[in-house]
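Let's take a walk through this protein together, from its overall outline to its interior and then to a few individual residues. Please keep the sequence and the model open as you read.

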Amino acid sequence: MGKIFCYCVGILFGVMLQISCDSDDSKIEQETQKEEEVIVEPVIEQTPGRIMMTESQSLMADESNQFSLNLMRETSKETTGNLVISPLSVAYMLGMLNDGANSTTRQELTHTLCIDKYDTKAINEFFGNLMTNAPLVDEDVDLGIANYLLSNKAIGAEFKEQFAANMKGYYQAGIESMDFSQPDEVLGHVNDWCEKQTKGMIPEILNLNEINPAGAAILLNSVFFKAKWLHMFEEEFTTSQDFMTAGGQMVKMPMMAQIAVFDYMEDETVHAVRLPYCNDHFSMILLLPTDERMSLEELLNTLTAERWKQLTASMRHQNVILSMPRFEISTEQNLIAPLTAMGVKDAFSSSYADFSGMLKDPSIPLFINLMKQKTKIEVNETGCLASSVTMSNTTTGKPGAEFVANRPFLFVITERSSNIIFFMGKVTELG
């Protein structure tokens, strides 16, 4: 009887031991699966011919335009002459940084982007949608959006797996690691990427003295745009005409001219005309103050996301006698000052920045010590060529309407289905 009891106990113990082992193995397997499930590289659906947005993404597009207008206001304050920026390029930079940010740093980034009511996943999906589908809207428009991240292997800076997966999946970013103590190699690598993405328009973005051997990472975004007008200007109608600068001086400039049907609106504040590119998906909208005494800064102060939406929605087809100058503008803009004024503070502080979601090693304290953008635009009788690169360093109507842009005006390049602002600028001086 005792032997039988011992035998039974032995069997029971063996079964319990097996169950315990199976349970432990199951837990380990579940934890492994859980860890593997976290590291997922997102995939964005392609929708050629149109940027399909959810209801929340459409709202986010409007709010993103508010960021664009705010950024244009802030950068314009410090610039008396011509200016061109790509708000979208800056937004992409802040979106990538937001994915690796936490606490107040994240709150300030999303608040400045005017999308603070959305979580990081929703923000990434919004940018991923644009990243994937904006270049597919019009096959006759050459549009490229690119991102690139470079970490410093000399200090052991390595991106977290999920951060890297999000950068690849949502932002289609190239990710590499280099030794920042070899500045010439880093300089050549970054500037080669810059020149390639902008097709030679912006041959360099990084200077040798901006490479910190103790820096952790360099983040880059580029936006390239090339398109022909749907209604091209005939060169024979381009004549030398007076253009009044912001200072009130008259200068002779080659003014392009045509009469065609355009979307047009005017009210007591602004005259606006939409010049479509290629197949009418993308366009340039020119904004001219109705009152010649109104400055572009005053006009900018009237523009909110809601006003922009109302303005573009109120445009109607009509014959327009259009005159505008050929122009070419190049701008280099330090973005720390305007973004600080807009609410991004902790990200630029060595004491308060929290980018703990970016690197594997949380002991490496990160803050942004440099953020700048170079942008160039060329507008002529044929069409438009525009390109922008943003970089950040992290370290320890009615018939017969007339639109004559012979005085300072604003210009905005947008995509019709989303109404997203890609480029924005002002023309105040020519010659």
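How many helices and strands make up the secondary structure of the protein? The protein has 10 helices and 15 strands, where helices (H or I, at least four residues) and strands (E, at least two) are DSSP runs numbered from the N terminus. Before going further, please note that this is a predicted model, in which local features need pLDDT of at least 70 and side-chain atom pairs count only at pLDDT 80 or more, while totals for chains, interfaces and linings use all residues. Residues are numbered from 1 along each chain as its sequence is written, and side-chain values use heavy atoms, with hydrogens and water left out.

Let's begin with the overall outline. Along the principal axes, the C-alpha atoms fill a box of roughly 115 × 45 × 35 Å. The protein has 431 residues, and 54% of them count as buried; here buried means under 20% relative accessible area, exposed over 50%, and partly exposed in between (1.4 Å probe, protein chains only). The area that the protein exposes is about 19200 Å², with carbon and sulfur atoms supplying 51% of it. Accessible areas come from the Shrake-Rupley method with a 1.4 Å probe, and for residues only the protein chains shown count as cover. As for charge, there are 32 positive and 58 negative ones, and their mean positions are 3 Å apart. In this count Lys and Arg are positive and Asp and Glu negative, with His and the chain ends not counted; each charge is placed at NZ of Lys, CZ of Arg, CG of Asp or CD of Glu.

Now for the interior. A nonpolar core is a set of buried Ala, Val, Leu, Ile, Met, Phe, Trp, Tyr and Cys residues joined through side-chain atoms within 4.5 Å. The largest such core holds 117 residues, and the members that touch the most others are Phe225, Leu287, Leu339 and Ile377. Helix 3 (residues 87-99) gives the most to this core, contributing eight residues. Try selecting Leu287: apart from its neighbours within four places in sequence, its contacts (heavy atoms within 4.5 Å) include Val270, Leu299, Trp308, Phe403 and Val412. There is also a second, separate core of 22 residues, and among them are Ala146, Leu187, Trp193 and Ile202.

Phe225 also leads us to the aromatic rings. Rings of Phe, Tyr and Trp (its six-membered ring) pair if their centres lie within 6.5 Å; planes under 30 degrees apart count as stacked, over 60 as edge-to-face and the rest as tilted. By this rule there are 13 aromatic pairs. In one of them, Phe225 and Phe282 sit edge-to-face, 5.7 Å centre to centre with 65 degrees between the planes. Phe225 belongs to strand 4 (residues 215-228) and Phe282 to strand 8 (residues 282-289), so this pair ties together parts that are 57 residues apart in sequence. Are these rings buried or exposed? Phe225 is buried at 0% relative accessibility, and Phe282 is buried at 1%. Phe282 forms an edge-to-face pair with Phe422 as well, at 5.7 Å centre to centre and 80 degrees between the planes. Phe422 is itself buried, with a relative accessible area of 1%. One aromatic cluster takes in Phe225, Trp229, Phe233, Tyr277, Phe282 and Phe422.

Some backbone details and loops round off the tour. Ser103, found in helix 4 (residues 103-112), has a phi near 55 degrees, a positive value in a residue other than glycine. Ser103 is partly exposed at 41% relative accessibility. Asn419 likewise is not a glycine and has a positive phi of about 65 degrees; Asn419 sits in the loop between strand 14 (409-415) and strand 15 (421-427) and is buried at 12%.

Where is Gly49? Gly49 is in the loop between helix 1 (2-38) and helix 2, and counts as partly exposed at 34% relative accessibility. Leaving aside neighbours within four places in sequence, Gly49 contacts Leu136, Val137 and His281. Finally, Gln249 lies in the loop between strand 5 (239-244) and strand 6 (250-266), and is exposed, with a relative accessible area of 55%.
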